[in-house]
Amino acid sequence: MSSTVVAENEIHWRTKQLNNEILAVNPEMCVERARYVTESYKETESEPMVIRRAKAIAKVLEKMTIFIQRDQLIAGVQASSLRASPLFPETEAGYLESEIDLFSKREQDRLQIKPEVRKELLEDILPYWKGKGIKETALSAMPEHVREKVELEDQIFSVGIHLTGSIGHILADYDKVLDKGLVQIRKENEAKRDSLDLADPDEGKKYNFYQAEIILCDAIIGWARRYAEEAERLAAEETDPRWKSELETMAAACRRVPAYPAEGFREALQSFWFTHLLLYIEQNGLAVSPGRFDQYMFPYYKKSIEDGSISREEAQELLECLWIKFTEIMRAYDYESAKNFAGFSISENIVLGGVDEDGRDATNDLSYMCLEAEAHTKLSQPNLSVRVHNKTPDRFLMRAAEISATGRTKPEFFNDGVGIPTLLSTGVSLEDARDYGISGCVEAVPPHANGMTNAAMSNIAKALELALNNGVSRLSGKQIGPKTGDPGSFTDIEDVILAFREQVKAYVRDMVIALNEIERTHARLFPLPYFSLVMDDCFEQGLDITEGGARYNYTGPQAVGLGDVADSLAALKKIVFEEKKYSMKQILDALEKDFEGEEVLHQILSNKVPKWGNDDDYVDELAVEVVDIFCDEVSQYRNTRKGIYRPGVYSVSANVPLGVHVGALPNGKKARQPLADGVAPVHGVELSGPTAVVKSVSKLNHEKITNGTILNQKFTPKVLEGERGKRGLANLIRSYFDLGGWHIQFNVVSADTLRAAQRDPEKHKGLIIRVAGYSAFFVELDTAVQDDIIDRTEAETI
């Protein structure tokens, strides 16, 4: 299809119907998972934790409500109703109790809660989990000074995502289930278990690991059989011959997969969905991502096309049914996390294109079909990524650019020329590096990896504030960083950078201590036997994924506020140390007063000094140094799974809440205002256009930023109209990647449209916006996040 905009009459009726049905849902809480996990835990208190976990999930699969949505060709739901959020008391009990009456009222990620659900949670479920959760256990095990940092009101780093949630951020070995089926996988685990020398202490401890996997294989096969029986029951009662036949076909597929190897595209899609869905039933971590879907699914598509068992049109229809299923996955965030990861962020990232194991272009027919599925649906999930290299077909890149240019917010684009060398530099094999996917927003992850790549958000802007106040927070007046010297005595910019470096060094060390304790707590209390079942190396080692069973093990904290820090350093360097227009004391006094009565100085700092994002080496070189300082500090540490720490520079939506914890800065930022987003410039300062922005960002040492960067760009729709506009967007992507950039994504929407959606959200329920490395429904975002997106500079030229 060459047309840019997909006409409504070109979209299959089924896609339109299912799309509209999911948009009409008001998300709510589902109590069933919490109920059955709690019941199982009470029944198994004397058993090993990995067995308890397996039995708990088995009970959920046996007891949970199942239903088949009419006209949906893919079976499998996460909860008892469409787009309902299951609950995970293992990590969520504390905030479920304290925030239970806030969920239905809060502005961000609102969830309805029925009175009977509220009553069951408060009376029957949550009391059992007091003192047993991840957060209480991990915090109590941390050194006091680290625990104080974690709980600080003035956040310099946030590790809450893994205190209240599981690890997430992995790419499962889906092809293992597709190729073998669970019956064979069960036999392999049984053989491993029976071959153990139980008198050997190293081998003896693996017994329960394999036993847990066997329990799960049986439970999953039984769960799929329940769907087969439900489809058969519905078919027996159905009078519409079309839907009756489709139900019978679904039942046949569910009787075969995932128990046995998939025989064609239809069975492969069903087996994939069961495999993927279970990853979000076992745990509540984010960004468990399908990875290179077009690569491992293509053989099944090719076989079905060649043997005539399915037409290309039927395959497209099935694919679009699957695409819609991704948006059903939900998570009940706590209030703080909802602000950091706004818009029910799940970020199930599908990657298209790229190179194969020999370095040749891997684009295939299914790659194009996935782009069409994205063009035909109007939902926030899946997150969709395109890998670009110097031999990416122009037709493929242009089609991806066309879809992005229509305001779909997806796909996002990644540079193989950066991703593959970066992974090689961290010890990944060439074959695995070429087969990388994207976990979550922008994190390049090879197969067989336990990512935990979104481990923490760290506030480098706060570190600069502390460096300019001898470690004291301007907002609270508390000493929260090391004493790095009276800033009034600093005589050049190197003194400022040295103090900044010491602040970063101190907080990164405390952050690592906290994260390592959180990892140990997860391994002890929240092993993941199903994750481990679909990760090859865990099977070989007999070791849970939380203990280091994966081949590659990462922990990835991010830096937030790059634009603010770089611009602040440039301002100090220019007007204090070089031009000497103002003294350091005058700047510090203005910061202390939040620029009150200092309007002239504030205007100079805001508008009259070099700014990041304008291809100006004066400030760009400072940005490079800031990023190198953060990356060098983070990269030296090792995690509890014998893996590495990988630094990233992106914010998701945390630039808004973290900005609340930062006082005034020398770039003109006032206290508590949002920070810059990802590696993008501060809103409104990129005066030289989008090409200058990508030139600035390309100067960063992207191969050192091993956890990735996010570059958001926003265009008015008019700029990208017609063939010339789309070609300009594709050329911008190519140019940025030729310069050495890693990631870029686009919002193509006017500020007027977004303001209209704020005024009348009901009329704009389907409006999707790019928040960070993921998309969300605009009307489901907190007003502060909405305002931050509206304030992003709209480029009116390419």
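## Aromatic rings in a predicted model

At just 1% relative accessibility, F272 counts as buried, because buried means under 20% relative accessible area. Keep in mind that you're looking at a predicted model. By the same cut-off, F293 counts as buried too, with a relative accessibility of 0%.

So what about aromatic pairs? A pair of aromatic rings is described by the distance of the centres and the angle of the planes. The count here comes to 25 aromatic pairs. Two of them are set out below, F265 with Y301 and F272 with F293.

| Pair | Centre to centre | Angle between planes | Kind |
|---|---|---|---|
| F265 and Y301 | 5.5 Å | 75 degrees | edge-to-face |
| F272 and F293 | 5.2 Å | 75 degrees | edge-to-face |

Where do F265 and Y301 sit in the chain? F265 is in helix 14 (residues 265–282), while Y301 is in helix 16 (residues 298–307), so this pair links distant parts of the chain, 36 residues apart. Both F265 and Y301 are buried.

Now back to F272 and F293. F272 lies in helix 14 and F293 in helix 15 (residues 293–296), so their pair ties together parts that are 21 residues apart in sequence. These two rings also have company: F272 and F293 belong to one aromatic cluster that also takes in Y174, W273, Y296, W323 and F326.

Rings can have charged neighbours as well. The charged end of K192 sits over the ring of F539, at 5.5 Å from the ring centre. Over the ring of Y368 you'll find the charged end of R395, 4.0 Å from the centre of that ring.

Definitions and conventions
Residues numbered from 1 in each chain as written. Predicted model: local features only at pLDDT ≥ 70, side-chain atom pairs only at ≥ 80, totals over all residues. Heavy atoms only, no water. Phe/Tyr/Trp six-rings, centres within 6.5 Å; stacked < 30°, edge-to-face > 60°. Helix = DSSP H or I, 4+ residues; strand = E, 2+ residues; numbered from the N terminus. Buried < 20%, exposed > 50% of the residue type's maximum accessible area, 1.4 Å probe, protein only. Lys NZ or Arg CZ within 6 Å of the ring centre and 35° of its normal.
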